[in-house]
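Q: Got a model open here and want to go through a few parts of it. Can you take my questions as they come?

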Amino acid sequence: MLSSLTPLRHRVLRGAGLPVLVSSVLGGCRGCANDRPYVPPAPDAAAAAVVDAASPVLATEETDSGNLVQPALVAPPATTSWQTNGMTLEAGGREIVLALVGDFDGDGRKDALALVRPVVAERKPGSSTGELVFFHGGADGAPAGAIAVGPALGVQSSCVPTARLEKIGPRSAFAEIGSSCPRGNGSRAIIVVRLSAPAPAVAFDAVVTDPREAPKLSLDVDATDRDKDGIDDVVLRIGIEGGGVGAETAPRLGAKLAFFDRPAGPSRDPEEPEASLRTIATQAAAKAGKPKDAPAVAPIVQQMRALYRAMCLEGGAPRVTKIHGGSAVPCGISKPLEDAGVAEVRAYVTQGDALRAFAAAEAAQMAPATKTAAKTTELGKLLGEVAPVVEPRSVRTLAAPVDAARDGHPEWGPLAFEFTGKLIVRHGKSVQRVDPESGEGDAAEMIWRDEVVSPDGKSRWIEAYHACEGVALRATFAPTGDGEMTDVMLPIPPRLGKSCNGGRGEPASAVPIAWGPRGLEAIVAGQPVLIKTDSPHASALTAFTDEIPPPGSPRSHSTKAFALAMSTGVLVRGRAATDRWSMVRSPDLEPYGDLRRCTVNDDGSRIACVRRGKVIVATLP
């Protein structure tokens, strides 16, 4: 049996790299016609891009290296036997989709490379998406020799086979075989074939995965002898656009992976994708300090990380995998990732968005990004601009028992300030009203639940999580009565550098703020979002609403103040003015990582948090 991609491999190529560009700066994408880069034009619409068998002259396009790209001939629909360019191609009952004709083995006679696949009646989930085969010249009607096979057709009924074939230089051809699944997960095999005697053979191959709702990943291939050893090397030009997080504003970005041909297999050029990523990071940094351009920075940085995630093993969910039968590309730590992360922080500071600035700062130097002393200092200065450090006048621990916070589960916290300034504290089914000054308290008669339930009482938020597909975080809502669970994709990407697995993925931090007619306000993984369960839909929360929160929210009852525990202190809004932020720090509050479920009084002068089962109250100047 044919193993996927590898039947006639003789020699192999190794690694090199590829530059990255943003939006219109990105070089052309040969596969981007019809906004589906890896799906060839339909036969009835192919005239402009691909010629049929009656037209011997093919349209060509020049690659970055100057090679002319020759697209394949498109066979008539349902063709199993095809006479074209003086050859008769017999596919043994399979459908011929695309073909290249030329002398591919140097014997002076026309040969053909073709993509064939099962006829429509035989296609079903799990069946073959196709094969790349070689028809030897002078052997009309002879069976074709297999070069490589594509992955199985996706299991979703919406999955359809896709194919692409083109000559990418005088000695190389490129094929893409797989399936596109609008409502499921698709995959594609990419194959570079060396056109030489005694027969064409696989020089480079990989598998590209396309998770549901992921950004569109397009690939163009350039084959040129980059190291002047007489053998074509391979450069993958990878483009990413739309889909996933922030699809409406996500720019199109591109980067390169380059491989040198070596006897032992493809060897990656270590200059890429780092050089490509550096170009993107430089563009982001140039925009970050300009009020007009700053809003464009976060989409660029998020899409850059999505590109890194797709290309590199360290990203946690690589989409370009099984390179020459091995794994994804290990790219190593990346300085451009750190530079782009700092640019994102600067952009949020420019916009006065302290909450997102601190969240971005926590991610900016996480592996696989580097962590340099200069950038650490720069981050500290930026955060000090948007939220100056404030030390409390006093910090005290109350004796009142309190519910322990449950990490990973959305819940209303056990602390809330009343308009009188008293602090109410929940412990199980009992509630105490405590004087923050004296610490004395007495029982309060009230029902206070921790479940996060919709205003109509029909839905409950039970979790936020990463499904391990590398696309976006999600929120799950359960009916309080009969009905189905609802999953809502959030405009929040998973962090780089950590793969996850398991049937339910990994939990994400989730803090509810308020749930009103406009939806559920929450902070998930440090990002403010507005979630609607009736649509269902989620969007980035650009400004807090004026919805009065229930007890246990990080927002005060007046909606004017806000407090959230961070890894570096407690971020407070409303202490001096409703639009001003402060970072509250004190040795008495450390370790900050142990603070949970903070809340604040109406004028922002006092905060309370849970720390290791105790209530901590800080009075601010």
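Q: What is the handedness of the crossing of α4 and α5?
A: Left-handed. This is a predicted model, and the description is of its coordinates.

Q: At what angle do α4 and α5 pack, and how far apart are their axes?
A: The angle is about 165°, and the axes are 10 Å apart. Helix α4 covers residues 354-364 and helix α5 covers residues 373-386. Angles over 145 degrees count as roughly antiparallel, so α4 is roughly antiparallel to α5.

Q: Which residues meet there?
A: From α4, Ala354, Ala357, Phe358, Ala361 and Ala364. They meet Leu379, Leu383 and Val386 of α5.

Q: How do the residues of that contact divide into nonpolar, polar and charged?
A: Eight are nonpolar, with no polar and no charged residues.

Q: Why would residues three or four places apart point the same way in a helix?
A: Because an α-helix has 3.6 residues a turn.

Q: Is α4 mostly covered or mostly open?
A: Mostly covered, with nine of its 11 residues buried. Among them are Arg356, Leu355 and Ala359, along with the contact residues Ala354, Ala357, Phe358, Ala361 and Ala364.

Q: Switching to Cys500. Where does Cys500 lie?
A: In the loop between β29 (486-489) and β30 (506-507).

Q: Buried or exposed?
A: Cys500 is buried: its relative accessible area is 13%, and the cut-off for buried is under 20%.

Q: What does Cys500 touch, leaving out residues up to four places away in sequence?
A: His466, Cys468 and Glu506. In addition, the C-alpha atoms of Cys500 and Gly316 are separated by 7.5 Å, while the two residues are 184 residues apart along the chain.

Q: And the whole chain, how many helices and strands?
A: Five helices and 40 strands. The protein chain has 621 residues, and buried residues make up 54% of them. Of the contacts with a separation of 6 or more, 59% are between residues 24 or more positions apart.

Q: What pLDDT does the chain average?
A: The average is 86, and 87% of the residues score at least 70.

Q: Where does pLDDT stay under 50?
A: Over residues 1-28, for which the model has 136 contacts beyond four places in sequence. Residues 31-60 also have pLDDT below 50, and that stretch has 62 contacts in the model beyond near neighbours in sequence.

Q: What should not be read in detail where pLDDT is low?
A: The predicted coordinates.

Technical notes. Residues numbered from 1 in each chain as written. Predicted model: local features only at pLDDT ≥ 70, side-chain atom pairs only at ≥ 80, totals over all residues. Heavy atoms only, no water. pLDDT = per-residue confidence, 0-100. Contact = heavy atoms within 4.5 Å. Axes fitted to C-alpha atoms, helices over the stretch in contact; angles between N-to-C directions. Helix = DSSP H or I, 4+ residues; strand = E, 2+ residues; numbered from the N terminus. Parallel < 35°, antiparallel > 145°, perpendicular 65-115°, else oblique. Left-handed = near helix turned anticlockwise from the far one by under 90°. Nonpolar A, V, L, I, M, F, W, Y, C, P; charged D, E, K, R; others polar. Buried < 20%, exposed > 50% of the residue type's maximum accessible area, 1.4 Å probe, protein only.
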